[in-house]
Amino acid sequence: MKHHLNYSKEDPNYILLEKIFKIIGSRKLRTIIASKGVKNTNMMIISIKIIFTAILFNTTIEFVVSELKRDKKLQKFFKINEIPSALQISEFNSRFQPDTFVKITNSILMQTKPIKRRGKRTFIIDATPVDLDYNTKRKHRSKKYLKKQNLKWSYATSSYGFYIEFKATIVIEHKSAIPVAILIHSGAPHDTKIFSEIMENLRKRRIIRKKDTIIFDRGYYKYENYQIGISKYKIVPLIFPKEKFKLQKLKDKLTYPLRVFKNKKTENQAKKLYETLTKTLLQKIENWKRYKPIRGKIEDFFKLCESGLGLKKIHKYTPKSAETTIFIVFLAGLITTLGYNSKTALQKLSET
C-alpha cells in the first residue's frame with residue numbers, strides 16, 4: 001500500500017520541491033519554455049511539477065494526480081486550481097519531440113545559474129546508457145520498424161547480445177558541478193564518433209571558450225580527437241589515454257593546421273595559441289591520473305540520477321518514453337543549482 005503524499009513543511013522532499021517550483025514558475029522560465037514553441041506554458045509547468053514530484057517520491061504520475069485531487073494543502077503547494085489527469089499529461093507531452101525537452105532543459109539550466117566567465121574553465125563529459133524495455137527474444141523488431149521509431153540495434157560482446165537503447169551524454173562544469181548540456185543519441189554510438197558533435201553543440205551554445213579544458217574518459221580516446229579539440233575548437237581536450245597510447249605519436253600528430261597560414265596578419269598569434277594549447281595538453285596528459293578525482297564529480301552526478309532519482313528503474317518502451325530520462329537529468333541539474341553540488345551532498349542524495 002502506498003503512503004499518501006501528505007504535505008509537510010518539515011519534509012526534506014517538500015523543502016527541495018518548494019525551491020525547485022519557485023524556479024519552474026518564474027517569469028524567466030516561462031519565457032524560455034514559450035521560446036521553444038510551447039504555447040500552453042501553464043500546462044507544461046504543471047506537467048513538470050507533477051513529473052518531478054513523482055520522481056522525487058519514487059511513485060507514478062497517476063498517484064501524484066490522485067493525491068492532488070485528495071489533498072487541498074497539496075493543491076495549494078502546487079499553486080494549481082485545475083488538476084489534469086495522467087492521460088492529459090501524457091497526451092500533452094506526446095505533442096513534443098524529445099529534442100524539444102532537451103532544448104528546454106539546456107536553456108533553463110544555463111539561465112537558472114549562469115556560469116561566471118572569469119578565466120579558463122574546466123568541463124567534464126560522460127555518457128550513460130538508457131536501455132529501452134524491449135524483450136528482443138520474445139518480440140523481434142525489424143530494421144524498418146526501428147527506423148520509423150528513430151531506434152537502432154546495438155550489440156554487446158557479452159552475453160547481453162543485441163539490445164535497443166539510447167545514450168544520454170551529460171556535460172557538467174567542474175567547480176559548480178552543474179550540468180550545462182545534455183545530448184540524447186539513438187542507439188549506442190561509440191563515444192569517439194560523437195566527440196565532434198558534442199564539441200560543436202558546446203561551441204554553438206557558447207558554453208566553451210578558448211583555452212578551456214574538457215575532461216573525457218577513455219571511451220573518447222582517439223589521436224584524431226586530440227587534434228580536433230586543439231585545432232578546431234581551441235580547447236585542451238584531456239582525453240584519458242588507453243594503455244596503447246604513445247606520447248611521441250601524439251606529439252608527431254599535433255602539427256599546425258593549414259588554416260594557421262591562411263592569414264599572415266594573425267599567423268603568429270594563431271601559432272602561439274596552438275603551441276600553448278599543445279603544451280598544456282601534453283603536460284596534463286602526462287599527469288592524467290591526477291585528474292581522475294575531478295572526473296569523479298560526473299560519476300557522482302550519474303549516481304544521483306540513477307540511485308537517488310531512479311533512472312535505472314524507469315520503464316521505457318518508445319523514444320517518447322525516453323523523455324523521462326531528460327526530466328530526471330533536468331531535476332538533478334536543478335538540484336545542483338540549489339547548492340547540492342559537493343561530493344558529500346550528491347552522495348547523500350543518491351542514498352535517500
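**Figure 1. Helix H7 gives the largest share, three residues, of the lining of the second largest cavity.** This is a predicted model, and here we look into one of its two cavities of 30 Å³ or more. The second largest cavity holds about 30 Å³ of space. Around the cavity you will find Met44, Ile48, Phe101, Ile104, Thr105, Phe327 and Phe330. Three helices each give two or more residues to this lining: H3 (41-56), H7 (98-112) and H14 (323-337). As a reminder of how such spaces are found, rolling a probe the size of a water molecule over the atoms shows where empty space is left.

**Figure 2. Ser107 sits in helix H7.** Is Ser107 buried or exposed? With a relative accessible area of 19%, Ser107 is buried, because the cut-off for that word is under 20%. Setting aside neighbours within four places in sequence, you can look for the contacts of Ser107 with Ile32, Lys36 and Arg205.

**Figure 3. Phe195 and Phe216 form a tilted aromatic pair.** The whole structure contains 21 aromatic pairs, and this view picks out one of them. A pair of aromatic rings is described by the distance of the centres and the angle of the planes. For Phe195 and Phe216, the centres are 5.1 Å apart and the planes stand at 50 degrees. Phe195 belongs to helix H9 (residues 191-204) and Phe216 to strand E5 (residues 213-216), so the pair links distant parts of the chain, 21 residues apart. Phe195 is buried at 0% relative accessibility, and Phe216 is buried too, with a relative accessible area of 0%.

**Figure 4. Tyr223 and Phe245 make a stacked pair.** Why does this pair count as stacked? The ring centres are 5.9 Å apart and the planes meet at 20 degrees, which means that the angle falls under the 30 degrees set for stacking. Tyr223 lies in helix H10 (residues 223-231), while Phe245 is found in the loop between strand E6 (236-239) and helix H11 (247-253). The pair therefore ties together parts that are 22 residues apart in sequence. Both Tyr223 and Phe245 are buried.

**Figure 5. Six rings gather in one aromatic cluster, with a lysine over one of them.** The members to look for are Tyr7, Tyr14, Phe21, Phe57, Phe77 and Phe78. Lys49 lies over the face of Phe21, 5.2 Å from the ring centre.

**Figure 6. Helix H4 (residues 61-70) has its buried residues covered by other helices, among them H3, H5 and H6.** Which residues of H4 are buried? They are Phe63, Val64, Val65, Glu67 and Leu68. The cover over these residues includes H3, helix H5 (72-78) and helix H6 (86-93).

**Figure 7. Residues 134-138 have pLDDT under 50 throughout.** For this stretch, the model has eight contacts beyond four places in sequence. Where pLDDT is low, the predicted coordinates should not be read in detail. For the protein as a whole, the mean pLDDT is 81, and 79% of the residues reach 70 or more.

**Figure 8. The whole protein has 15 helices and six strands.** Stepping back from the close-ups, 51% of the 352 residues are buried. Of the contacts between residues at least 6 apart in sequence, 70% join residues at least 24 apart.

Methods:
Residues are numbered from 1 along each chain as its sequence is written. This is a predicted model: local features need pLDDT of at least 70, side-chain atom pairs count only at pLDDT 80 or more; totals for chains, interfaces and linings use all residues. Side-chain values use heavy atoms; hydrogens and water are left out. pLDDT is the predictor's confidence in each residue, from 0 to 100. Contact means heavy atoms within 4.5 Å. Rings of Phe, Tyr and Trp (its six-membered ring) pair if their centres lie within 6.5 Å; planes under 30 degrees apart count as stacked, over 60 as edge-to-face and the rest as tilted. Helices (H or I, at least four residues) and strands (E, at least two) are DSSP runs, numbered from the N terminus. Buried means under 20% relative accessible area, exposed over 50%, partly exposed in between (1.4 Å probe, protein chains only). A charge sits over a ring if NZ of Lys or CZ of Arg is within 6 Å of the ring centre and within 35 degrees of the ring normal. On a 1 Å grid over the protein atoms alone, a cavity is a set of points where a 1.4 Å probe fits but cannot get out, and a pocket is an open set with protein on both sides within 12 Å along at least five of seven lines; lining residues have an atom within 4 Å of a point. Grid points are joined across faces, edges and corners, and a volume is the space filled by probe spheres set on the points.
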